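Welcome, and please have your viewer ready. We will go from one selection to the next, with a short note on what to look for at each stop.

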Amino acid sequence: MTTTASTIEIPGYRAGTWTIDPAHSEVAFSVRHLMISKVKGKFERFNATFVTAENPLDSTVTASAEVASVTTNEPNRDAHLRTGDFFEAETYPTIDFVSTGVRVENGDFKVDGELTMHGVTKPVTFDFDFGGFGGDPYGNYKGGATAKTVVNREDFGLHYNAALETGGVLLGSDVTITLELQAQLEQ
C-alpha cells in the first residue's frame, strides 16, 4: 500500500460492487471461558456487500450474520446461545454491520461502523488488512481481507454469566470478532 496526502494506491484494487463468497469466507468469534481458555464459534450463514470507490477511503460495507446459524461445535451450547440468555435469535435474528467510514491510521486501514446485536447498536472499528486481489480459474476477479475487532458483549445486552466455585466467572466480557473475507467483483 502506498499513501500520500491525496491518494491511496493498493495493488490490484478496483472500484465496484463486491459480494462476499461464503464458501471462502468466515465470520468467527472467540470469548474467554472458565478464565483459562477461549471458546471459538462462527456463523454459518452471512452476507456482505462492499462498494469500493475510486478513493478507497470512500468505500462502504454492509454485512449481516444469521444468529440461528451460530455454531461452536457443541450442539447444547449452540442451542443455549440462541436463547434469551444470549442472542435471543427469535427476537433478534441477525447481527448487522454498516460502515460509517474508512481511514488509515499509522499506515493501517480502519473501518468504522455501527454494529447491531441483540437490538443494541454501538460504534465499532475493525482493523482491516488487505490480503490482495486476483483472478480465479473461472474468470472472476476476487479480493481478500481479514478484519478484526474486540467488543464488550455486555455493551450489547449479553449479560449472562455464572460464578465459578474456584473464583471468577464462566465467561469473559470481551469478544474478539474475526472476519476472513473473500469477495467477488460483480460484472
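Does lysine 40 count as buried or exposed? Select lysine 40 and show the surface: lysine 40 counts as exposed because its relative accessibility is 62%. Here buried means under 20% relative accessible area, exposed means over 50%, and partly exposed lies in between (1.4 Å probe, protein chains only).

Before moving on, note that this is a predicted model, in which local features need pLDDT of at least 70 and side-chain atom pairs count only at pLDDT 80 or more, while totals for chains, interfaces and linings use all residues. Residues are numbered from 1 along each chain as its sequence is written, and side-chain values use heavy atoms, with hydrogens and water left out.

**Stop 1: the positive patch**

Lysine 40 sits in strand E5 (residues 37-43). Now add Arg32, Lys38 and Lys148 to the selection: with Lys40 they gather in a surface patch of positive charge. Patch residues have over 30% relative accessible area and no salt bridge, and like charges are joined within 9 Å. Lys and Arg count as positive, and the charge is placed at NZ of Lys or CZ of Arg.

**Stop 2: the whole chain**

Switch to a cartoon view. The protein chain has one helix and 13 strands, taken from DSSP runs (helices H or I, at least four residues; strands E, at least two) and numbered from the N terminus. Along the sequence the pattern reads β-β-β-β-β-β-β-β-α-β-β-β-β-β. Of the 187 residues, 39% are buried. The accessible surface is about 10300 Å², with 51% of it belonging to carbon and sulfur atoms; such areas come from the Shrake-Rupley method with a 1.4 Å probe.

**Stop 3: phenylalanine 87**

Next, select phenylalanine 87 in the loop between helix H1 (75-81) and strand E9 (94-105). Phenylalanine 87 counts as buried because its relative accessibility is 9%. Which residues are in contact with phenylalanine 87, leaving aside its neighbours within four places in sequence? They are Phe43, Val67, Val70, Leu81, Tyr92, Ile95, Met117, His118 and Leu158, where contact means heavy atoms within 4.5 Å. Then draw a C-alpha to C-alpha distance to glycine 157: phenylalanine 87 and glycine 157 are 8.9 Å apart in space and 70 residues apart in sequence.

**Stop 4: the salt bridges**

A salt bridge here is a side-chain nitrogen of Lys or Arg within 4 Å of a carboxyl oxygen of Asp or Glu. By this rule there are eight salt bridges. Select aspartate 21 and lysine 142, whose closest N and O atoms are 2.8 Å apart. This pair links distant parts of the chain, 121 residues apart: aspartate 21 is in the loop between strand E3 (16-20) and strand E4 (26-33), and lysine 142 is in strand E12 (residues 141-152). Aspartate 21 is buried at 12% relative accessibility, and lysine 142 is buried with a relative accessible area of 12%.

Keep lysine 142 and add aspartate 136, which forms a salt bridge with lysine 142 at 3.8 Å between the closest N and O atoms. Asp21, Asp136 and Lys142 are thus linked in a network of salt bridges.

Finally, pick lysine 110 and aspartate 127, whose side chains meet in a salt bridge (2.5 Å, N to O). Lysine 110 lies in strand E10 (residues 108-117) and aspartate 127 in strand E11 (residues 120-135), so the pair ties together parts 17 residues apart in sequence. Lysine 110 is buried, with a relative accessible area of 14%, whereas aspartate 127 is partly exposed at 39%.

Note on methods: Patch = residues over 30% accessible without salt bridge, like charges linked within 9 Å, V, L, I, M, F, W, Y side chains within 5 Å.
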